[in-house]
Amino acid sequence: MKKNYLLTPGPTPLPPEVMESLARPIIHHRTPQFLSIFKEVCVGLKYVFATKQDCFVFTSSGTGAMESTVVNLLSAGDTAICVNGGKFGERWGKLCQAYGVEPVIVDVEWGKAVDPKVIEEKLKNTKPAPKAVFTTLCETSTGVSTDIREIAKIVNKTDAVLVVDAVSGLGAVPCYTDEWQIDVVVSGSQKGLMIPPGLAFCTLNEKAWKLVEASKLPKFYYDYKKYKASLAKNDMPWTSAISLIVALNSAFKLLQQRGLENGFKYYEVLADSVRAAALALGLELFADASCRSNAVTSIKLPASVDGAKLVKIMRDDYGVAVAGGQEHLKGKIIRIAHMGYINEFEIVLCISCLERILSKMGHKIDLGVGVKAAQEVFIKNSL
Ligand code: PMP
């Protein structure tokens with residue numbers, strides 16, 4: 001018998017209230033009972049997206065919402081700037097290519113954030129003028145946070161729209177759709193929003209709707225116009241993922257009770273504690289100090305340690321699931337999440353497990369120094 005702890009950057013653990021919701025008997029989706037829940041969910045979505053605009057709900061993983069932006073905003077032959085600083089930024093370029101949109105890739109060294117000036121320069125010099133700039137709020141593969149606010153200021157001076165992949169981090173780190181004037185934001189259900197994978201979301205402003213009107217790419221399931229028409233009747237065009245919507249309503253109640261801003265502060269402290277623990281253990285942080293995300297921390301492992309093995313032992317022998325590195329970072333980093341239903345004692349537990357396994361794998365550390373550093377951050381910030 002083993003107790004499991006999930007500290008991966010998606011999926012994240014489920015609060016008991018969410019699990020209880022998932023266990024409720026199914027109801028029909030075209031009923032007043034369901035539609036009143038859906039109405040509350042729409043209010044919750046506006047709250048977490050920090051917008052007054054409509055938010056659409058898709059039954060898909062986050063990638064589906066990403067794809068929806070390409071097919072609804074663009075036409076074959078358009079150009080679009082895609083910021084690629086990791087696995088998920090790379091996905092924007094692939095999605096554009098799949099639909100005959102010409103991606104102008106802005107390659108960013110993994111672990112660094114895009115310099116907004118580079119986007120400004122690309123917007124000025126790319127012909128034909130790019131219709132969209134695709135970015136990532138938190139690049140989960142590297143633990144990097146993008147300066148969306150600055151990028152929005154730049155993109156807003158042009159005819160292009162800014163599209164932000166906030167699959168990772170929405171609800172855990174600031175992403176003020178209206179205040180920052182972000183044209184399009186997409187997200188997914190399994191990270192900061194604390195429910196299982198399976199739902200994805202999108203919100204867009206008037207500027208983006210103009211592109212929707214002009215878009216010629218084929219679309220059916222993800223056709224925004226269908227979602228808009230249904231939402232006007234407080235409904236969705238297709239059969240809803242009823243249980244997930246019910247669960248999302250429970251999750252939103254919890255997020256609203258705590259308050260978004262309090263949540264941002266909470267995750268910042270968790271992030272600080274993981275960073276302090278890593279440094280105290282003599283480990284380096286992978287993401288540059290200027291752009292570390294408060295949703296996930298990536299930690300470089302010593303060259304002598306097989307990172308893939310370490311992740312496997314933590315998960316399979318000790319029940320502590322963290323993520324390893326992807327692509328060229330396989331075996332070289334670990335990623336510890338601090339978003340959703342993760343608390344400070346799970347962080348302490350995770351660090352203590354990391355210390356133990358590092359030590360067992362022959363890496364010399366003083367047991368307890370990571371835990372001590374993490375605890376000190378919690379005490380200092382009165383968590
Ligand atoms: N973008 C980011 C930043 C992500 O972290 C993820 C999932 N890890 C995705 C997009 C893709 O989401 P999904 O796997 O739900 O399709």
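Which pocket does the ligand sit in? Keep that in mind while you open the model, which is a predicted one. Select the ligand and zoom in: you're looking at the second largest pocket, and that is where the ligand sits.

**Stop 1: around the ligand**

Now select the residues around the ligand. There are 14 of them, and those that come nearest are Ser-61, Thr-63, Thr-140, Asp-165 and Lys-191. Show them as sticks and go through three of them.

Start with Thr-140. A polar atom in the side chain of Thr-140 is 2.4 Å from an oxygen atom of the ligand. Next, click on Asp-165: here a polar side-chain atom lies 2.5 Å from a nitrogen atom of the ligand. Then move to Lys-191, where an N or O atom of the side chain is 2.7 Å from a ligand nitrogen atom.

How much of the ligand's accessible area does the protein cover? On its own the ligand has 390 Å² of accessible area, and the protein covers 87% of that.

Next, colour helix H3 (62-73) and helix H4 (87-98). These are the elements that give two or more residues to the shell around the ligand. H3 gives the most, with three residues. If you colour the shell by residue class instead, you'll find four nonpolar, seven polar and three charged residues.

**Stop 2: the largest pocket**

Leave the ligand and select Ser-145, Thr-146, Asp-147, Pro-174 and Trp-180. What volume does the largest pocket have? The answer is about 320 Å³. The five residues you just selected are the closest to the centre of this pocket, out of the 19 that line it. Colour the whole lining by class and you get ten nonpolar, five polar and four charged residues.

**Stop 3: the cavities**

Time to look for hidden space. Rolling a probe the size of a water molecule over the atoms shows where empty space is left. How many cavities of 30 Å³ or more does the structure hold? It holds three, and the largest cavity has a volume of about 100 Å³.

To find the largest cavity, select some of its lining residues, including Val-83, Gly-85, Val-108, Lys-112, Thr-135 and Glu-139. You've already met one of the other lining residues: Thr-146 lines the largest cavity and is also on the list for the centre of the largest pocket. By class, the lining of the largest cavity has five nonpolar, five polar and two charged residues.

**Stop 4: two cis peptide bonds**

Switch to a backbone view and go to Gly-10 and Pro-11. The peptide bond from Gly-10 to Pro-11 is cis, with omega near -5 degrees. Pro-11 is in the loop between strand S1 (5-6) and helix H1 (16-22).

Then jump to Lys-127 and Pro-128. Is the peptide bond between them cis or trans? This one is cis, with omega near -10 degrees. You'll find Pro-128 in the loop between helix H5 (116-125) and strand S5 (132-136).

**Stop 5: two positive phi angles**

Select Gln-181, which isn't a glycine but has a positive phi, near 55 degrees. Where does Gln-181 lie? Look in the loop between strand S8 (161-165) and strand S9 (184-188).

Finish at Ser-382, in the segment after helix H13 (369-380). Ser-382 is not a glycine either, yet phi is positive here, at about 40 degrees.

How values were computed. Residues are numbered from 1 along each chain as its sequence is written. This is a predicted model: local features need pLDDT of at least 70, side-chain atom pairs count only at pLDDT 80 or more; totals for chains, interfaces and linings use all residues. Side-chain values use heavy atoms; hydrogens and water are left out. A residue is near a molecule or strand if one of its heavy atoms lies within 4 Å of it. A polar contact is a pair of N or O atoms within 3.5 Å; within protein, one must be able to donate a hydrogen and the other to accept it, and residues adjacent in sequence count only if both atoms are side-chain atoms. Accessible areas come from the Shrake-Rupley method with a 1.4 Å probe; for residues, only the protein chains shown count as cover. On a 1 Å grid over the protein atoms alone, a cavity is a set of points where a 1.4 Å probe fits but cannot get out, and a pocket is an open set with protein on both sides within 12 Å along at least five of seven lines; lining residues have an atom within 4 Å of a point. A molecule sits in a cavity or pocket if more than half of its atoms lie within 2 Å of its grid points. Helices (H or I, at least four residues) and strands (E, at least two) are DSSP runs, numbered from the N terminus. Ala, Val, Leu, Ile, Met, Phe, Trp, Tyr, Cys and Pro count as nonpolar, Asp, Glu, Lys and Arg as charged, and the others, Gly among them, as polar. Grid points are joined across faces, edges and corners, and a volume is the space filled by probe spheres set on the points.
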